[in-house]
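Hi,

I hope your week is going well. Here is the structure I promised to pass on; my notes follow below it, and I would be glad to hear what you make of them.

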Amino acid sequence: MNSDLQPLAIQTQHYPAATLYVIATPIGNLADITLRALDCLKMVDAVAAEDTRTAKRLLTHYGIDKPCFAAHMHNEHEASAVIIQRLKAGERVAYLSDAGTPAISDPGAILVNAARTAGFQVMPLPGVSAVACALSAAGLPGFQNAGAFHFHGFLPSKRNQAETDLKPLTSLAANLVFYEAPHRVLDTVSLLADVFGRGRRIAIARELTKLFESIHVCPLGEARTWLEEDDNRQRGEFVLIVEAPSKLPDPFEVALPILQRLLGVLPLSEAVDVTVELTHASRKTLYARALKIKHQG
Ligand code: SAM
């Protein structure tokens, strides 16, 4: 584009040399890239990418030709050393992950840490991320409408490990965001229903920004059936959002069974202290209950 035709906001951008540019890229719809990201990609000396073919496709689409080299989860340390040499030579280097924002369930954090530790500037060029995209259109206001969310990303593939990850989240006052692959989505929604209860709502956001985009919200207890009703609903890429609990469990109710167990093996005041530490329930209330339990034998 002729520079006269560029918006003023782009004409006035400045891209310092010897800088690592961390650039968000589309998650499906090629048009979802910012003017600043494209402008920066035209300026850089080289592009480091999680997948050089994906990066080349994007660059070619926008008529940009740059040397690309690989920096993915299997070579991020070695690639970081190469990139730091380039930064030392004063180059501007861009980093792109496969889709969306680098370092969000993607490589990038090791490279950024290495560049910053070596004293180089790291500039983020923000854009799409599946987590923000799904949250923006899920319509789940969250605990007390505060919109707080916890991003978990991918769960471990083994059910018992996933369950261990999920248990501490049951009383978190936040929407919970998971990434999931199509071949695991049925098992994952079943597990989420088992852990969080069938009544909490889930948003199943599929193929965001793409042709077959869909966002379906239903109680967790109905999610598996809804997915099974049509094989197409199990295809593509998924973001799953479990709605925050509408009210939090009373800390005293959570603490009581723990206190009862501990009183069997610890002196009274130690049992109370440990229970308070674990549950944050009121010490005064727990102490009074502990005395009563001891008194009743
Ligand atoms: N860095 C990316 C980001 O910022 O969202 C995430 C990369 S992670 C390796 C890929 C996962 O993100 C997919 O398995 C899926 O769970 C989610 N995802 C990516 N694109 C998506 C899309 N278009 N629709 C729904 N989920 C998507």
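Let me begin at the end of helix 11, which is followed by His280, a residue with a positive phi near 60°. Please keep in mind throughout that this is a predicted model.

His280 sits in the loop that joins helix 11 to helix 12. Its phi of about 60° caught my eye, since His280 is not a glycine. Most residues other than glycine have a negative phi. Is His280 buried or exposed? With a relative accessibility of 67%, His280 counts as exposed.

Glu207 makes a good companion case. Here too phi is positive, at about 55°, in a residue that is not a glycine. Glu207 belongs to the loop between strand 8 (201-206) and strand 9 (214-219). The relative accessibility of Glu207 is 15%, so this residue counts as buried, the cut-off being under 20%.

Back to helix 11 itself. Helix 11 has twelve residues, 268-279, and at 1.5 Å a residue they should span 16 Å; the C-alpha atoms at its ends are indeed 16 Å apart, so the two values agree. Which residues of helix 11 are buried? They are Leu268, Ala271, Val272, Thr275 and Thr279. These cover an arc of only 100° around the axis, and therefore lie on the same side of helix 11. As for what they pack against, the buried residues of helix 11 meet helix 10 (251-263) and helix 12 (283-296).

The pairing with helix 10 deserves a paragraph of its own. Two packed helices are described by the angle between their axes and the distance between the axes. For helix 10 and helix 11, the axes come within 9 Å and cross at roughly 145°. The crossing of these two helices is right-handed. On the helix 10 side, the contact is made by Pro251, Val254, Ala255, Ile258, Leu259, Leu262 and Leu263, while helix 11 contributes Leu268, Ala271, Val272, Val274, Thr275, Leu278 and Thr279. Sorted by character, the residues of this contact are twelve nonpolar, two polar and no charged.

Now to the other end of the chain, with helix 2 (35-43). Its buried residues are Ala37, Leu38, Asp39, Cys40 and Leu41. What covers the buried residues of helix 2? The elements involved include helix 1 (8-11), strand 1, strand 2 (46-49), helix 3 (52-61), strand 4 (92-96) and strand 5.

Thr25 is in the loop that runs between strand 1 (19-23) and helix 2. Thr25 is buried, as its relative accessible area is 3%. Apart from neighbours within four places in sequence, Thr25 is in contact with Asp32, Leu58, Leu96, Ser97, Asp98, Ala99, Gly100 and Val128.

His183 gives a contrast. His183 lies in the loop between strand 7 (175-180) and helix 8 (185-196), and with a relative accessible area of 66% it is exposed. His183 and Thr25 are 158 residues apart in sequence, and their C-alpha atoms are 25 Å apart in space.

Three partly exposed residues round off my notes:

- Thr52 is part of helix 3 and counts as partly exposed at 27% relative accessibility. Not counting residues up to four places away in sequence, Thr52 touches Cys68, Phe69 and Ala70. Thr52 and Thr279 are 227 residues apart along the chain, with 49 Å between their C-alpha atoms.
- Ala118 is placed in the loop between helix 5 (109-117) and strand 5 (121-125). Its relative accessibility of 39% makes Ala118 partly exposed. From Ala118 to Leu87, 31 residues apart along the chain, the C-alpha separation is 9.6 Å.
- Ser214 lies in strand 9 and, at 22% relative accessibility, counts as partly exposed. Leaving out residues up to four places away in sequence, Ser214 touches Ile204, Ala205, Arg206 and Trp226. Ser214 and Phe238, 24 residues apart in sequence, are 9.8 Å apart from C-alpha to C-alpha.

If you open the model with only a few minutes to spare, I would start with the contact of helix 10 and helix 11, and then look at the positive phi of His280 and of Glu207.

Happy viewing, and best wishes!

Definitions and conventions:
Residues are numbered from 1 along each chain as its sequence is written. This is a predicted model: local features need pLDDT of at least 70, side-chain atom pairs count only at pLDDT 80 or more; totals for chains, interfaces and linings use all residues. Side-chain values use heavy atoms; hydrogens and water are left out. Helices (H or I, at least four residues) and strands (E, at least two) are DSSP runs, numbered from the N terminus. The expected span of a helix is 1.5 Å times one less than its number of residues. Buried means under 20% relative accessible area, exposed over 50%, partly exposed in between (1.4 Å probe, protein chains only). The arc is that of the directions from the helix axis to the C-beta atoms. Contact means heavy atoms within 4.5 Å. Axes are lines fitted to C-alpha atoms, for helices over the stretch in contact, and angles run from 0 to 180 degrees between N-to-C directions. A crossing is left-handed if the near helix is turned anticlockwise from the far one by less than a right angle, and right-handed if clockwise. Ala, Val, Leu, Ile, Met, Phe, Trp, Tyr, Cys and Pro count as nonpolar, Asp, Glu, Lys and Arg as charged, and the others, Gly among them, as polar.
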